[in-house]
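Hi,

Here's the structure I said I'd pass along. Have a look at it first, and then read on for my notes on its charged side chains.

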Amino acid sequence: MINVAVLGYGTIGAGVVKVLQTNANSIEKKAGERIQVKRILDLRDFPGDPNADKVVHDYKEIQEDEDIQVVVECMGGVEPAYTFVKTALLQGRSVATSNKELVAKHGAELISIAEEKKCNFLFEASVGGGIPIIRPLNECLTADVIEEISGILNGTTNYMLTKMEAEGVSFEEALKEAQEKGYAELHPEADVEGYDACRKIAILTSLAYGKQLDFEDIHTEGITNITAEDIRYAQKMKKSIKLLGKSWTKEGKLYAMVCPFLLDNDHPLAGVKDVFNAIFVHGNMVDDVMFYGKGAGSLPTASAVAADVVECVKHKGRHLPIVWEQEKLSLDDFGGFERKYFVRMPADTSVEVIKGAFGAVEMIRLDDVSEKAFVTDSMTEYEYQKAADSIGNVINMIRLD
């Protein structure tokens with residue numbers, strides 16, 4: 001019998017308990033031992049809940065319980081999750097977590113402690129919810145040099161962009177509906193400003209290159225400036241707007257960013273709709289692979305956490321190697337990277353002035369919108385910014401991928 005403690009009995013924590021209890025017989029066959037949830041840490045009480053008798057309010061009760069062998073962290077945030085997880089690992093207890101903030105900030109350190117203590121720190125659910133991506137990067141693609149990771153990593157923003165595209169609604173209307181359906185929080189900044197996707201691409205990049213990429217170093221933009229007019233222009237160009245987390249190498253330089261991109265409609269990520277996530281990986285030998293599924297939600301995420309618990313039990317007393325050193329990865333300045341840009345300017349901006357600043361451009365027109373909109377030729381971020389600054393009055397800009 002393996003006893004598990006679950007930290008946090010919210011949406012994900014409750015889901016993990018449900019998965020471990022509902023599928024107990026199947027999980028036992030795969031893990032080789034019966035797995036039992038012994039304690040649940042939460043500040044609240046849950047009268048009437050079938051697991052109410054397992055709830056404790058003080059982590060010390062778990063820390064001092066010698067029967068606990070695996071800790072599941074579903075609290076979210078960095079503290080007190082970091083302190084609790086580090087304490088568990090130092091005691092030689094394996095940890096499974098869905099907490100992308102914790103993993104992005106302290107993943108390398110916690111993996112190192114797990115290695116030293118011959119236990120495991122596993123975090124499959126921290127990126128992509130129920131989509132398997134961490135283990136494939138760590139195990140299945142180790143023979144490849146990863147040259148690009150590009151993903152729709154946030155279901156809330158993808159749902160909103162899908163609504164805007166399908167129904168022509170505004171950003172504000174799409175956000176309101178996402179909140180009504182429970183996809184977006186009352187304070188949705190982490191989603192709509194790109195912070196959630198930023199932490200996730202930091203984790204994936206750290207795994208792909210084996211060193212720590214600090215999410216604070218990644219240029220991040222959200223979707224708050226995307227309008228119904230932008231969506232209509234995209235449709236005119238037979239493209240889709242997606243919020244992507246990206247990291248890539250070119251000529252030995254590593255780049256990373258999170259921002260909206262215009263994708264051709266035949267791009268594999270363009271067809272990913274609603275709350276679904278997808279992660280596109282390009283390796284120098286495997287070429288292109290894509291991982292797709294529900295990137296959020298109680299049970300899909302809980303399923304991935306429970307699978308990590310099974311791995312912890314199957315490999316009890318043995319550390320599963322994860323190459324993620326604490327040495328910091330340095331990003332190159334993406335200002336020198338070339339791409340095309342879709343730009344909107346006021347109607348009174350002359351085409352001659354635009355061409356004088358940007359060179360050759362392709363003008364894009366909507367019959368009932370009085371603007372100057374165009375796509376530039378390939379130019380660096382620096383060159384784009386210099387041209388935009390020389391004219392001023394840019395209504396919006398979206399990069400092409």
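A good place to begin is D67, which is partly exposed, with 42% relative accessible area. Keep in mind that this is a predicted model.

D67 pairs up with K38 in a salt bridge, and their closest N and O atoms are 3.1 Å apart. K38 sits in strand β2 (residues 35-41), while D67 is in the loop between α3 (59-63) and β4 (68-73), so this pair ties together parts that are 29 residues apart in sequence. Like its partner, K38 comes out as partly exposed, in its case at 26% relative accessibility.

These two also belong to something wider: K38 and D67 are linked with R39, E61 and D65 in a network of salt bridges. That network is worth pulling up on screen while you read.

Two other pairs caught my eye. R34 and E28 meet through their side chains in a salt bridge, at 2.8 Å from N to O. R34 is partly exposed at 29% relative accessibility, and E28 is partly exposed too, at 31%.

Then there's D42 with R44, another side-chain salt bridge, this one at 2.9 Å from N to O. Which of the categories does D42 fall into, buried or exposed? With a relative accessible area of 11%, D42 is buried, because the cut-off for that is under 20%. R44, on the other hand, counts as partly exposed at 43%.

For the overall tally, the structure holds 29 salt bridges, and the pairs above are among them.

Cheers

Definitions and conventions: Residues numbered from 1 in each chain as written. Predicted model: local features only at pLDDT ≥ 70, side-chain atom pairs only at ≥ 80, totals over all residues. Heavy atoms only, no water. Salt bridge = Lys/Arg side-chain N within 4 Å of Asp/Glu carboxyl O. Buried < 20%, exposed > 50% of the residue type's maximum accessible area, 1.4 Å probe, protein only. Helix = DSSP H or I, 4+ residues; strand = E, 2+ residues; numbered from the N terminus.
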